[in-house]
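The following questions and answers examine how parts of this model pack together. Please consult the sequence and the structure as you read.

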Amino acid sequence: MMINTLPLFRSHASLSLFRGGRVRKSHASFFGIAQSSRTLSSIAHRCTTPQQSMIRTGTATPSRVTPVLGQRYLDNRCTRLDFFSSDANEKSHLLEAFDLEADECNVPPSIYDRIGTRLHLTPNHPLHTIKNKIESHFNSEDKHQFHLVDDWSPIVPTHNNFDSLLIEPDHVSRSRSDTYYLNNETVLRTHTSAHQTTLLQQGHNQFLVTGDVYRRDEIDMSHYPIFHQMEGVKIFTPAELEKAKELGIDERQYVEHDLKRALEGMVKTLFGNVEMRWVDAYFPFTERPSFELEIYFADEWLEVLGCGVIQQDIMRGAGRGEELGWAFGLGLERLAM
């Protein structure tokens, strides 16, 4: 995954578990989710702080994972976001393990002050509505419930954010001009994919992870250094893969078909009967070909998400051997705007 050979990764804003960090002006009127009791405008007026106005986000909290809290970030365990309350003392206590004045730390006060704002957990926030819709879709159409995670700390080991996902040491996304480093071993997550191997190691087979992510982007109409992502993963049991034999297709083909079926259903849940198309893509975390799903709106095709069959080396690294599964990633701001 070299810098000059991956046109899809023309900036760090494209490096999520798949893409979804950018928003487009043309998405502003395409909000098909707030169609129940509130419209987007009536929800959005609740966003009163500067950062809320610039990055509309939200999530729900039906079921939780409870990892260990503390500084022991190098043992591949993650921390809950609960300690990031409005109490500045709590945030200071967590971050006291890091020297924010050290040369290896490039987190400025403007970002530090926003860590733990927890906009994605704010009821009635636009992305709170979106996240609820997506979670409801997956947990209503699949007989196995997806494990929901939305309160894990954005402070993660560099290894989890990059190495465990097969992102090469010389990739541009690792540079200090693209990623916020607390020290050489610890970053502010650049994507919710940073928790994928942890959850796989814990034995979860289906999960959705939502959280705030951080990238050193210049602020403009389509970029902000803090935004929110959702990642979904589904691992198949041997019994489920038996269906591939019944259909006379390869197991990986079966996983791919299930992935596309699930995501097309999600898009219909969010936007109704829109025209969709699949575009071949490349991501380091998923096998070739990977895919982007686009919808047709306002006379143009708009990218909604990226996805694919999980690279087998990631599964092996997480202790899951030759199990097969799919993963997708999307940016919540992109859908809301």
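Q: At what angle do H5 and H9 pack, and are they parallel or oblique to each other?
A: In this predicted model, the axes of H5 and H9 lie 10 Å apart, and the helices pack at an angle of about 130 degrees. Angles over 145 degrees would count as roughly antiparallel, and 65 to 115 as roughly perpendicular. The angle between H5 and H9 falls in neither range, and the two helices are therefore oblique.

Q: Which residues of H9 make the contact with H5, and what is the hand of the crossing?
A: On the H5 side, the contact involves Lys133, Ile134, His137, Phe138 and Glu141. Their partners in H9 are Arg261, Ala262, Leu263, Gly265, Met266, Thr269 and Leu270. The crossing of H5 and H9 is right-handed.

Q: Which element gives the most residues to the largest nonpolar core?
A: The largest nonpolar core has 37 residues, and those touching the most other members are Ile134, Phe138, Leu263, Met266, Trp326 and Leu330. Elements giving two or more residues to this core include H5, H8, strand S8 (290-297) and strand S10 (325-331). The greatest contribution, nine residues, comes from H9.

Q: How many residues does the second, separate core have?
A: Apart from the largest core, there is a second one. Its members include Val149, Leu199, Ala281 and Phe285. This second core has 23 residues.

Q: What distance does H5 reach from its first C-alpha to its last?
A: H5 has 16 residues, for which 22 Å is expected at 1.5 Å a residue. Among its buried residues are Leu127, Ile130, Ile134 and Phe138. The distance from first to last C-alpha is close to the expected value, at 23 Å.

Q: How are H8 and H9 oriented to each other, roughly parallel or roughly perpendicular?
A: Glu240, Leu241, Lys243, Ala244 and Leu247 of H8 meet Glu251, Tyr254 and Val255 of H9. The axes of H8 and H9 are 9 Å apart, at an angle of about 105 degrees. Because angles of 65 to 115 degrees count as roughly perpendicular, H8 and H9 are roughly perpendicular.

Q: Is valine 279 buried or partly exposed?
A: Valine 279 is placed in strand S7 (residues 276-281). Beyond its neighbours within four places in sequence, valine 279 is in contact with Ser290, Phe291, Glu292 and Glu294. Buried would require under 20% relative accessible area. At 25% relative accessibility, valine 279 therefore counts as partly exposed.

How values were computed
Residues numbered from 1 in each chain as written. Predicted model: local features only at pLDDT ≥ 70, side-chain atom pairs only at ≥ 80, totals over all residues. Heavy atoms only, no water. Core = buried A, V, L, I, M, F, W, Y, C linked by side-chain atoms within 4.5 Å. Buried < 20%, exposed > 50% of the residue type's maximum accessible area, 1.4 Å probe, protein only. Helix = DSSP H or I, 4+ residues; strand = E, 2+ residues; numbered from the N terminus. Expected span 1.5 Å × (residues − 1). Axes fitted to C-alpha atoms, helices over the stretch in contact; angles between N-to-C directions. Parallel < 35°, antiparallel > 145°, perpendicular 65-115°, else oblique. Left-handed = near helix turned anticlockwise from the far one by under 90°. Contact = heavy atoms within 4.5 Å.
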